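Biologist: Could you take me closely through one part of this fold, going slowly from the overall arrangement to the individual residues?

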Amino acid sequence: MPELPEVEALKDFLADHVVGHEVVRVLPVAISVLKTYDPPVTAFEGREITAVRRHGKFLDLDADGLHFVTHLARGGWLHWRDKLPDAPPRPGKGPLALRVALETGEGFDLTEAGTQKRLAVHVVRDPAEVPGVARLGPDPLADDFDEARFARLLEGERRQIKGALRDQSLIAGVGNAYSDEILHAAKMSPFKLTSSLTPEEIRRLYEALRTTLTEAVERSRGLAAGRLKAEKKTGLRVHGRAGEPCPVCGDTIREVSFSDSSLQYCPTCQTGGRPLADRRMSRLLK
């Protein structure tokens, strides 16, 4: 799933390629991608794109006050086309969900892999009309997101820190991959309770949050849309690397699996050398 650093890079890429250009066609291929009907998606046609913004993991194309807001979800992606095909796309079983064509003949496709169709497009007059945008917490890379504000967000929370970092209503833009990376950098167990954090641990977690995301954004800055997935994978130290050596201490990176996701961590760096319980593997070993 694209997270804050990749969506930020897509925002910058699109700003360089679409701002100042007119949208001539918006072609939905999978009707399920459209989450709004008033204004219709065709209302975006004939308008000039004036700005591209990011709200958490949402991309927002502003066409003189009308907003095309998309969330790529787990299996979605944006593909830039220097030259779009002349023939309109045909609905079918392929991954193409929606196409946006500019007056230059360029444009982009939104695609979605897998069977879970969660890719979403909203055409709205105000991004706050999108429920997912309206409930977003603060952006962790905003200038006013300081350690004191982060500490206030955690006050009264009593849950595992991994889940708190992924909660979009608490902090916008962090998902499964970067929460693993942040916790590894902070040398903290993903199962540690937020209510047990000391001021020193909050400081360490805040610094890991800002540094991890900032470095990921810098690695992605200036890359073409098609190269962002590979860059993300290359830059990850623990997420998706179960069985590999930790780049910090050399211990074997371990995994905890859930019904629809998994987390990765280093026992030496994060849990005092103790492996975390993986209920799925425990059942398999019985």
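Modeller: In this predicted model, there is an open sheet of four strands in the order 2-3-4-8, paired in the antiparallel sense. Its edges are formed by strand 2 (51–55) and strand 8 (120–124), each of which pairs on one side only, and neighbouring strands of the sheet are turned against each other by 20° on average, direction ignored. Helix 1 (residues 4–18) packs on this sheet, where it touches strand 2 and strand 3, and the direction of helix 1 makes about 175° with that of strand 2.

The part I would dwell on is strand 3. Strand 3 (residues 58–63) runs antiparallel to strand 2, and five bridges join the two; within this pairing Ala-51 stands opposite Asp-62, while Arg-54 stands opposite Leu-59. Two residues lie between strand 2 and strand 3, which form a hairpin, and Gly-56 in that turn has a positive phi of about 60°. On its other pairing, strand 3 meets strand 4 (residues 66–71) over six bridges, again antiparallel, with His-71 of strand 4 as the bridge partner of Phe-58. Strand 3 and strand 4 likewise form a hairpin with two residues between them, and here Asp-64 in the turn has a positive phi of about 55°.

In a regular strand the side chains alternate between the two faces of the sheet. In strand 3 both faces are covered, since Phe-58, Asp-60 and Asp-62 on one side and Leu-59, Leu-61 and Ala-63 on the other are all buried. Six of the six residues of strand 3 are therefore buried, so the strand is largely enclosed by the rest of the structure.

Notes
Residues numbered from 1 in each chain as written. Predicted model: local features only at pLDDT ≥ 70, side-chain atom pairs only at ≥ 80, totals over all residues. Heavy atoms only, no water. Pairing = 2+ DSSP bridges. Axes fitted to C-alpha atoms, helices over the stretch in contact; angles between N-to-C directions. Contact = heavy atoms within 4.5 Å. Buried < 20%, exposed > 50% of the residue type's maximum accessible area, 1.4 Å probe, protein only.
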